[in-house]
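The following exercises concern a single protein chain. Each task is followed by a solution that proceeds step by step.

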Amino acid sequence: MTQPPSNKVDTRSADAPITNRRDLLVGAALAGLAVPLAGSAAAETAHEHHEHHAAHHPELTKLALDCVGLGEACVAHCIKLLGTGDTSLTDCLISVNAMLPMCAALARFAASDAKRLKELAAVCIDVCDDCAKECEKHPEHAECKACGEACVACIDACKELIAA
């Protein structure tokens, strides 16, 4: 008699199993950046004298991806509360939902040193500021607090980039 297929993921062969949603989301976001980063690395190997092929903004890339990962956790938390009839985080959900694609784009622009990086960073400052202000209204929710703090760190990095 055969057993039905299991829906469980076998992590025994994995070097470092994913233990939470944030790790999964950050990993997925980093995987999405692997193509431009791999392309940059290949170009740098082929043309070592062309420094412009290397990723110039690894810290900004990391901070933008932190916003994405922590923002996804915040969205999930807000949706869960909305499902119980609690609408107190509706505005938080809206602001985080606006921040997510901005920070994803910022991470890609930073990783590839895109031509309009500074312009995008300027817009991202405003969007992250909106998100941080909304998340800071809910310090009793760990997900909101973490998302807001990530946005503040991203804002600071964007300001440094623009000033440079």
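**Exercise 1.** Determine whether serine 95 is buried or exposed, and describe its surroundings.

*Solution.* Step 1: in this predicted model, serine 95 has a relative accessible area of 11%. Step 2: the cut-off for a buried residue is under 20%, so serine 95 is buried. Step 3: serine 95 belongs to helix 3, which spans residues 90–112. Step 4: a distance of 3.0 Å separates the side chain of serine 95 from the backbone oxygen of cysteine 92. Step 5: leaving aside residues up to four places away in sequence, serine 95 touches Asp130, Cys131 and Glu134.

**Exercise 2.** State how many helices and strands the protein chain contains, and characterise the chain as a whole.

*Solution.* Step 1: the protein chain has five helices and zero strands. Step 2: along the sequence this reads as α-α-α-α-α. Step 3: the chain comprises 164 residues, of which 37% count as buried. Step 4: take the contacts between residues at least 6 apart in sequence; 72% of them join residues at least 24 apart.

**Exercise 3.** Establish how helix 2 and helix 5 are oriented to each other, and which residues make their contact.

*Solution.* Step 1: helix 2 covers residues 58–83 and helix 5 covers residues 142–163; their axes come within 8 Å and cross at roughly 155 degrees. Step 2: an angle over 145 degrees counts as roughly antiparallel, and helix 2 and helix 5 are therefore roughly antiparallel to each other. Step 3: the crossing of helix 2 with helix 5 is left-handed. Step 4: on the side of helix 2, the contact is made by Leu60, Leu63, Ala64, Asp66, Cys67, Leu70, Gly71, Ala73, Cys74 and His77. Helix 5 contributes Glu143, Cys144, Ala146, Cys147, Ala150, Cys151, Ala153, Cys154, Ala157, Cys158 and Leu161. Step 5: sorted by type, the residues of this contact comprise 17 nonpolar, two polar and two charged.

**Exercise 4.** Which residues does leucine 60 touch, not counting residues up to four places away in sequence?

*Solution.* Step 1: leucine 60 is part of helix 2. Step 2: its relative accessibility is 6%, so leucine 60 counts as buried. Step 3: with residues up to four places away in sequence excluded, leucine 60 touches Leu106, Ala110, Leu117, Ala157, Cys158 and Leu161. Step 4: one of these, alanine 110, is 50 residues apart from leucine 60 along the chain, and their C-alpha atoms are separated by 6.4 Å.

**Exercise 5.** Give the accessibility class of alanine 76 and its C-alpha distance to glutamate 143.

*Solution.* Step 1: alanine 76 is located in helix 2. Step 2: a relative accessibility of 31% means that alanine 76 counts as partly exposed. Step 3: alanine 76 and glutamate 143 are 67 residues apart in sequence, and their C-alpha atoms are 9.0 Å apart in space.

**Exercise 6.** Describe two loop residues, aspartate 86 and aspartate 113.

*Solution.* Step 1: aspartate 86 lies in the loop between helix 2 and helix 3. Step 2: with 28% relative accessibility, aspartate 86 counts as partly exposed. Step 3: its side chain forms a polar contact of 2.7 Å with the side chain of serine 88. Step 4: aspartate 113 lies in the loop between helix 3 and helix 4. Step 5: aspartate 113 counts as partly exposed, at 31% relative accessibility. Step 6: the phi angle of aspartate 113 is near 50 degrees, a positive value in a residue other than glycine.

Conventions. Residues are numbered from 1 along each chain as its sequence is written. This is a predicted model: local features need pLDDT of at least 70, side-chain atom pairs count only at pLDDT 80 or more; totals for chains, interfaces and linings use all residues. Side-chain values use heavy atoms; hydrogens and water are left out. Axes are lines fitted to C-alpha atoms, for helices over the stretch in contact, and angles run from 0 to 180 degrees between N-to-C directions. Helices (H or I, at least four residues) and strands (E, at least two) are DSSP runs, numbered from the N terminus. Angles under 35 degrees count as roughly parallel, over 145 as roughly antiparallel, 65 to 115 as roughly perpendicular and the rest as oblique. A crossing is left-handed if the near helix is turned anticlockwise from the far one by less than a right angle, and right-handed if clockwise. Contact means heavy atoms within 4.5 Å. Ala, Val, Leu, Ile, Met, Phe, Trp, Tyr, Cys and Pro count as nonpolar, Asp, Glu, Lys and Arg as charged, and the others, Gly among them, as polar. Buried means under 20% relative accessible area, exposed over 50%, partly exposed in between (1.4 Å probe, protein chains only). A polar contact is a pair of N or O atoms within 3.5 Å; within protein, one must be able to donate a hydrogen and the other to accept it, and residues adjacent in sequence count only if both atoms are side-chain atoms.
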